[in-house]
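Open your viewer, switch to a cartoon view, and let's take a walk through this protein together. We will go from the whole chain to single side chains.

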Amino acid sequence: MVDTSGEGADRSAAALDDAAFTLMSVWSHAHNAPDVPVPSTQLRALFILERGPVNISRLAAGLDALVSSASRLCDRLEGAGLLIRDPGRDRREVTVRLTADGQALLERLRVRRRAELAGVLDAMPPPAREALLWGLAEFHEAASDRDAGGGSFPMLA
């Protein structure tokens, strides 16, 4: 068992930080393929839009960006055919949503990411894999609970 008090908590956080870096490296490998037409910031926007249409202000908040920057990012994604703007009743209230091509890109990435992750998980001994998956589910729940309580994880919403 891992000591999570005092200095043990610091060691646990450092170990998790190292593991998260490795996980992000494996996860992002799929995003660096030649057929991915957009950089990571634009992918982040597409992941937000995958949850459903949002206005540009909310997209900017999810990206922790200025509304003007999010609007320019949407210009590029719209030009690439990955999102579409829907004007609202008020000219200032524009909603953006994924196109079929945008959704297909995210699905292609999801399949690749899961294949990369499955390869790593298959290399682990079954008890370690089960412990990892249980721990990650608990971590996700704790982070989601923290976010629901006004924490600082806007991407979990």
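**Stop 1: the whole chain**

Keep in mind that you are looking at a predicted model. Colour the cartoon by secondary structure: the protein has six helices and three strands. Follow the chain from the N terminus and the elements come in the order α-α-β-α-α-β-β-α-α. If you colour by burial, 24% of the 157 residues count as buried. Contacts also reach along the chain: among those between residues at least 6 apart in sequence, 46% join residues at least 24 apart.

**Stop 2: an aromatic pair**

Select Trp27 and Phe47 and show their side chains. How do the two rings sit, centre to centre and plane to plane? Their centres are 5.9 Å apart with 40° between the planes, so the pair counts as tilted, a class that lies between stacked (under 30 degrees) and edge-to-face (over 60). The structure holds one aromatic pair, and this is it. Trp27 belongs to helix H1 (residues 7-29) and Phe47 to helix H2 (residues 40-50), so the pair ties together parts that are 20 residues apart in sequence. Now show the surface: Trp27 is partly exposed, at 32% relative accessible area, while Phe47 is buried, at 16%.

**Stop 3: where H2 crosses H4**

Keep H2 on screen and add helix H4 (residues 67-79). Their axes come within 10 Å and cross at roughly 85°, so the two helices are roughly perpendicular to each other. To see the contact, select Thr41, Gln42, Ala45 and Leu46 in H2, together with Leu73, Arg76 and Leu77 in H4. The residues of this contact are four nonpolar, two polar and one charged.

Zoom in on Gln42 in H2. Is Gln42 buried or exposed? Its relative accessibility is 9%, and because anything under 20% counts as buried, Gln42 is buried. Leaving aside residues up to four places away in sequence, Gln42 touches Leu73, Arg76 and Leu77.

**Stop 4: along H5**

Finally, select helix H5 (residues 100-122). With 23 residues at 1.5 Å each, H5 should span 33 Å, and its end C-alpha atoms are 32 Å apart, which agrees. Show the side chains of Leu105, Leu106, Leu109, Arg110 and Arg113, and mark Gly102 as well: these residues of H5 are buried. What do the buried residues of H5 pack against? Display H1, H2 and strand E3 (94-98) to see their partners.

How values were computed
Residues numbered from 1 in each chain as written. Predicted model: local features only at pLDDT ≥ 70, side-chain atom pairs only at ≥ 80, totals over all residues. Heavy atoms only, no water. Phe/Tyr/Trp six-rings, centres within 6.5 Å; stacked < 30°, edge-to-face > 60°. Helix = DSSP H or I, 4+ residues; strand = E, 2+ residues; numbered from the N terminus. Buried < 20%, exposed > 50% of the residue type's maximum accessible area, 1.4 Å probe, protein only. Axes fitted to C-alpha atoms, helices over the stretch in contact; angles between N-to-C directions. Parallel < 35°, antiparallel > 145°, perpendicular 65-115°, else oblique. Contact = heavy atoms within 4.5 Å. Nonpolar A, V, L, I, M, F, W, Y, C, P; charged D, E, K, R; others polar. Expected span 1.5 Å × (residues − 1).
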